[in-house]
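User: I have a model open and want to check how its labels are earned. Can we go through them one by one?

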Amino acid sequence: MFRRKSIITVLAASMILSSGVVYAQTNGAPNAQSDTAFDNKVIKKINVDNMYNTIKYLSAVPREAGTEGEVRGVEYIESQFKSLGLETKRIPFPIYDYKTNRELAKVDGVDLNGHAFSGSGSENVTAELVNVGKALAGTVPNDVAGKIALVERGDITFVEKVKNVVAKGAVGVLMYNNSANGNNFGQANGEVPAVAITRAQGLNLVERLKNGSVEATLDVEIQTIEKTSYVVEAKLKPNKNKDTGQIVTIGAHHDSVHLGPGANDDASGVSAVLELARIFVNTPIDTEVRFLTFGSEERGMVGSSFYVSQLPQSDIDRMVAHFQMDMIGGAEAGEDHPLGGLIMYTIDGKKNLVTDLGASAGSRMYDVPLPYGQLGRSDHQPFHDVGIPSALFIHSPVEPQYHQPTDTIEHISKEKLQQAASIVGASAYQIVRPDTPALDRAHVAPATVNYDFENRPVD
Ligand code: BES
Ligand code: ZN
């Protein structure tokens with residue numbers, strides 16, 4: 001009892017000193033013993049075989065967002081959370097696929113065999129063509145109103161070009177390539193029909209327009225197919241009379257790429273989320289922990305963006321740290337970097353509470369202060385965007401199986417799973433254990449450690 005009290009005093013004192021300083025435990029520092037004891041409450045309980053079995057089950061079937069495979073994975077994750085007695089919620093959200101049923105571009109009755117932009121508007125229009133060059137802002141002529149804009153690819157995005165001509169009243173877009181590289185390109189926002197043609201066809205029309213008017217027809221029909229993807233949320237509430245009011249989130253994405261087994265990407269992260277949930281359920285805490293798995297990460301973090309967008313601001317205000325695990329078991333990842341190449345990426349390339357705690361845990365447990373770097377590409381992005389300190393834990397450079405059909409359980413390293421789950425588990429525990437005073441997005445661990453920024457190539 002007395003020992004514990006003195007620990008509280010030391011921690012409280014270090015928090016006062018903590019502004020801007022990186023806190024971590026180093027061997028031989030006054031609290032080395034006590035912090036290691038705290039780590040052990042979590043890491044000794046990690047059963048890597050549980051993690052391995054989760055990966056085995058999940059990677060047996062591809063889990064592309066919006067498919068039966070995703071639902072199968074979600075049901076498994078849900079059932080695991082529920083068996084732990086956690087308050088579990090399956091949060092659905094819509095995702096959209098587009099199917100092109102018709103993509104016709106005709107000039108004087110001649111079919112140009114064009115390709116509709118993805119996200120093109122669905123309409124049948126016939127009008128005169130107007131050459132608007134590259135459709136840069138401020139250069140689009142007024143006489144494009146009610147006409148079809150003939151646009152050259154390049155310099156600005158497709159979406160910007162379409163926006164610029166639509167702002168001047170264009171009823172369609174016929175865009176020619178800026179290289180000899182075919183006619184399959186382009187993205188739009190559905191305002192007007194937009195069709196891509198080859199450079200040769202475009203230049204030919206530019207010439208013809210010099211000698212008089214040319215009429216074109218665009219006839220596009222894009223079918224939107226709505227599907228459902230999910231976020232699984234499991235809440236672990238702290239003891240009622242010992243609640244800091246703060247929330248820590250631990251997440252991974254459960255979807256895979258199309259037909260991908262996704263053993264490492266990211267069944268590995270999910271396996272750690274489930275294993276840490278199993279451990280924290282039986283560990284006293286003073287801070288709410290939310291265990292999250294996201295669908296549709298591979299479509300551009302759609303699930304995590306949806307999750308964050310539906311949170312009440314009062315929850316966001318209480319969230320002090322988000323730990324994202326993505327690809328944490330790749331046997332062939334990381335080349336010869338220490339700790340299998342484990343690194344923490346932040347969106348802005350700056351340290352934060354999560355990286356401080358991760359570096360500190362790495363240093364305590366493996367004598368490696370984890371480095372940090374700058375990268376998005378996973379679900380830490382939307383958390384960062386609303387001001388929550390977040391980081392992605394991943395081995396970098398990534399393994400050759402990344403997004404391949406070979407991303408299977410055979411290429412998973414149990415040692416790497418164990419290390420990553422231990423570091424994230426011990427880091428999160430530094431915040432949620434009942435001995436620490438409430439965190440106000442501040443640093444918590446007791447001694448300092450230096451850890452470096454690394455500009456390491458990821459793939
Ligand atoms: N696990 C990867 C992210 C990743 C891959 C990070 C390689 C570092 C190196 C993630 O699942 C992924 O593939 N993300 C997409 C994001 C995109 C859809 C916005 C990516 O990076 O292509
Ligand atoms: Zn991933």
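User: How do you know that the side chain of Glu-297 makes a polar contact with ligand 1?

Analyst: This is a predicted model. An N or O atom in the side chain of Glu-297 lies 2.7 Å from an oxygen atom of ligand 1. The cut-off for such a pair is 3.5 Å, so the pair counts as a polar contact. The protein also covers 82% of the 500 Å² of accessible area that ligand 1 has on its own.

User: What makes His-253 and Asp-265 polar contacts of ligand 1?

Analyst: Distance again. A polar side-chain atom of His-253 is 3.1 Å from an oxygen atom of ligand 1. For Asp-265 the value is 3.2 Å. Both are within 3.5 Å, so both count.

User: Which residues come nearest to ligand 1, and what is the make-up of its shell?

Analyst: Glu-297, Asp-326, Arg-377, Tyr-402 and His-403 come nearest, out of 16 residues around ligand 1. The shell holds 7 nonpolar, 3 polar and 6 charged residues.

User: What makes His-253, Asp-265 and Asp-326 donors of the zinc ion (ligand 2)?

Analyst: The donor atoms are NE2 of His-253, an OD atom of Asp-265 and two OD entries for Asp-326. They lie 1.9 to 2.5 Å from the zinc ion. The limit is 2.8 Å, so they qualify as donors. Along the chain, the donors follow the spacing H-x11-D-x60-D. His-253 is in strand β9 (residues 247-253) and Asp-265 in helix α7 (residues 263-281), so this pair ties together parts that are 12 residues apart in sequence.

User: Why is the zinc site called irregular?

Analyst: The zinc ion has 6 donor atoms, with angles of 54 to 168 degrees among them. Six donors count as octahedral if opposite donors are over 155 degrees apart and all others lie between 65 and 115. The angle of 54 degrees falls outside those ranges, so the site is irregular.

User: Where are the cis peptide bonds?

Analyst: One joins Asp-265 and Asp-266, with omega about 5 degrees. Asp-266 is found in helix α7. Another joins Ser-396 and Pro-397, with omega about -5 degrees. Pro-397 lies in the loop between β14 (390-395) and α12 (414-432).

User: What makes Asp-367 worth a flag?

Analyst: Its phi is positive, about 65 degrees, although Asp-367 is not a glycine. Most residues other than glycine have a negative phi. Asp-367 lies in the loop between α10 (353-366) and β13 (372-374).

Terms used: Residues are numbered from 1 along each chain as its sequence is written. Chains are lettered from A and ligands numbered from 1 in the order in which they are written. This is a predicted model: local features need pLDDT of at least 70, side-chain atom pairs count only at pLDDT 80 or more; totals for chains, interfaces and linings use all residues. Side-chain values use heavy atoms; hydrogens and water are left out. A residue is near a molecule or strand if one of its heavy atoms lies within 4 Å of it. A polar contact is a pair of N or O atoms within 3.5 Å; within protein, one must be able to donate a hydrogen and the other to accept it, and residues adjacent in sequence count only if both atoms are side-chain atoms. Accessible areas come from the Shrake-Rupley method with a 1.4 Å probe; for residues, only the protein chains shown count as cover. Ala, Val, Leu, Ile, Met, Phe, Trp, Tyr, Cys and Pro count as nonpolar, Asp, Glu, Lys and Arg as charged, and the others, Gly among them, as polar. Donors are N, O and S atoms within 2.8 Å of the metal (3.2 Å for Na, K and Ca); water is not among the atoms, so sites may look incomplete. Four donors count as tetrahedral if all angles lie between 85 and 135 degrees; four count as square planar and six as octahedral if opposite donors are over 155 degrees apart and all others between 65 and 115; anything else is irregular. Helices (H or I, at least four residues) and strands (E, at least two) are DSSP runs, numbered from the N terminus.
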